[in-house]
Amino acid sequence: QLDRIGADTLIAVGQSTPNVTLEVSRGTNTTITAFIRGVGQQDPVAGFEAGIGLYVDDVYLNRPQAAVLDIYDVDRIEVLRGPQGTLYGRNTIGGAIKYVTKGLSEEPEAKIRASYGTANQMDLVLTGSTPLSDNFRVGGSIARLTRDGFGDNLNLPGVENYNKDVLGGRFSMEWDVSDSFNLRLSGDFVQDDSDPKQGHRLTVGAVSGAPILDDVFDTRAGLNSPTQKVEASGVALTAEWTLSDSLTLRNILSQRQDDTTTPIDFDSLPVVDLDVPAIYENEQFSEELQLIYESDRLSGVAGIYYLDANAFNTFDVILAQLGDVLGLPGLNANTYGDVDTKSWAAYADFSYNVSDAVSLSLGGRYTVDERTSRVLRTTYLGGASPDLGGTGTPLAVTSDFLGSREFTEFTPRVSVNWTPNDDQNLYVTYSEGFK
């Protein structure tokens with residue numbers, strides 16, 4: 001189905017799946033804004049918690065940066081609507097989207113996928129794998145995805161608008177240690193060097209009289225510092241033990257990080273007014289242990305989950321035009337945000353087949369979230385702050401907050417399913433979530 005609709009990124013899933021809205025957030029090609037049934041998060045700064053859980057295989061991505069995943073070497077994409085947390089991973093209030101990559105073949109294989117499209121779009125994906133022994137396999141994919149801009153920055157020569165320049169890769173090793181125990185080590189990276197995406201003005205400039213541009217993809221944005229760049233990488237180790245015909249124990253260990261620098265010119269004019277240079281830096285470590293049970297009538301999963309994450313950002317809001325009016329040259333408000341998250345959870349969800357057509361599911365999750373947040377707001381004069389490559393001078397601290405708090409919550413789920421035939425599934429579900 002993904003091939004048939006020409007899906008090239010995760011955004012295409014939202015265009016073909018009811019109640020799901022996936023969009024590229026401001027500035028980059030790789031920051032996601034995700035909603036399911038109207039629930040999600042709009043802003044990618046550190047103080048906003050995701051309403052939709054995004055997963056690569058079994059690893060939860062704590063932040064939206066570098067989360068617009070390009071679709072290659074994918075087995076399937078799962079969409080779960082409503083509050084989640086009793087099946088795997090993190091508690092989320094809106095739903096979950098899981099990007100599941102393909103396992104490695106037991107036979108040597110190699111594939112090349114190349115495509116060419118409008119705006120000089122050129123995509124090249126190389127995929128290969130090979131067994132090194134009867135029980136050990138290695139493989140991976142590397143993707144080079146480029147496209148000229150749909151428009152131009154008419155103020156900054158050589159800077160395109162809505163172009164794409166992305167390099168990504170995924171690599172894995174699979175080791176069948178014994179008949180009952182196997183390991184999978186996987187890693188991925190993405191580097192986005194696309195030009196910043198700047199906006200199209202719908203009104204004439206109130207002071208400059210700048211007209212509305214004929215091409216909605218063109219811009220006159222004047223901000224081009226810091227240089228746009230997104231880099232992200234992660235590694236995961238999954239171990240699976242088959243304890244018996246009905247019991248499986250699985251452990252998922254993961255480490256991820258990403259760094260983004262981006263210039264966002266909200267007024268989209270050369271004048272320095274609502275210019276927002278920004279830096280995002282995120283790190284996360286997660287550990288999850290699952291016990292999976294399957295029998296003729298009863299099946300389910302129980303697990304414990306731990307997340308240790310940090311989300312950091314610093315961004316300016318430069319209001320030079322307003323500052324000139326007020327006699328405050330280069331007026332700038334810098335926001336520094338640093339959020340530490342430690343989350344522990346225990347969950348279980350079991351389904352019982354009352355008959356061949358009717359099943360009942362019960363689940364619950366107990367979560368402890370510990371947050372520590374630092375928010376510092378400083379007014380500068382003279383333009384951008386030193387953190388963002390400027391020479392602005394601090395004038396006043398307007399907000400300085402440091403606090404910690406622990407949140408605990410039990411969230412239940414119950415569902416009744418009726419499958420009258422192979423093509424239909426009717427269900428009633430009650431579930432709760434929190435963030």
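**Salt bridges, a buried arginine and two pockets**

D308 is partly exposed, with a relative accessible area of 28%. The structure shown is a predicted model, and D308 is a convenient place to enter it. K342 is also partly exposed, at 29% relative accessibility. What does D308 form with K342? The two form a salt bridge, in which the closest N and O atoms are 3.8 Å apart. D308 belongs to strand 18 and K342 to strand 19, so the salt bridge ties together parts of the chain that lie 34 residues apart in sequence.

Elsewhere, salt bridges with shared partners join D57, R137, E174, D176 and R184 into one network. Within that group, the side chains of D176 and R137 meet in a salt bridge with an N to O distance of 3.2 Å. This pair links distant parts of the chain: D176 is in strand 13 (residues 164–178) and R137 is in strand 10, 39 residues away. Are D176 and R137 buried or partly exposed? D176 counts as partly exposed at 26% relative accessibility, whereas R137 has a relative accessible area of 7% and is buried. The cut-off for buried is under 20%.

In total, the structure holds 21 salt bridges. One of them joins D43 to R26, with 3.0 Å between the closest N and O atoms. Here the partners sit in loops: D43 lies between strand 3 (39–40) and strand 4 (52–56), and R26 lies between strand 1 (20–24) and strand 2 (32–36), so the pair ties together parts that are 17 residues apart in sequence. D43 has a relative accessible area of 19% and is buried. R26, at 33%, is partly exposed.

Not every buried charge is paired in this way, as R147 shows. R147 lies in strand 10, which covers residues 136–147. Why does R147 have no salt bridge? The nearest side chain of opposite charge, D8, is 5.9 Å away, and a salt bridge requires the nitrogen and the carboxyl oxygen to be within 4 Å, so R147 and D8 do not qualify. What the side chain of R147 does reach is the backbone oxygen of Y162, at 2.8 Å.

The pockets come next. The largest pocket holds about 790 Å³ of space. Its lining consists of 45 residues, and those nearest the centre are D57, T101, K102, E174 and R184. D57, E174 and R184 are also members of the salt-bridge network described above. By class, the lining of the largest pocket has 18 charged, 17 polar and 10 nonpolar residues.

The second largest pocket has a volume of about 540 Å³. Of the 23 residues that line it, L87, R413, S415, N417 and T429 lie nearest the centre. Which elements give two or more residues to this lining? They are strand 6 (74–81), strand 17 (273–294), strand 18 (298–319), strand 19 (332–353), strand 21 (393–421) and strand 22 (424–431). Strand 22 gives the most, with 4 residues. Strands 18 and 19, which contribute here, are the strands that carry D308 and K342. The lining of the second largest pocket divides into 11 polar, 7 nonpolar and 5 charged residues.

Key: Residues are numbered from 1 along each chain as its sequence is written. This is a predicted model: local features need pLDDT of at least 70, side-chain atom pairs count only at pLDDT 80 or more; totals for chains, interfaces and linings use all residues. Side-chain values use heavy atoms; hydrogens and water are left out. On a 1 Å grid over the protein atoms alone, a cavity is a set of points where a 1.4 Å probe fits but cannot get out, and a pocket is an open set with protein on both sides within 12 Å along at least five of seven lines; lining residues have an atom within 4 Å of a point. Grid points are joined across faces, edges and corners, and a volume is the space filled by probe spheres set on the points. Ala, Val, Leu, Ile, Met, Phe, Trp, Tyr, Cys and Pro count as nonpolar, Asp, Glu, Lys and Arg as charged, and the others, Gly among them, as polar. Buried means under 20% relative accessible area, exposed over 50%, partly exposed in between (1.4 Å probe, protein chains only). Lys and Arg count as positive and Asp and Glu as negative; His and the chain ends are not counted. A polar contact is a pair of N or O atoms within 3.5 Å; within protein, one must be able to donate a hydrogen and the other to accept it, and residues adjacent in sequence count only if both atoms are side-chain atoms.
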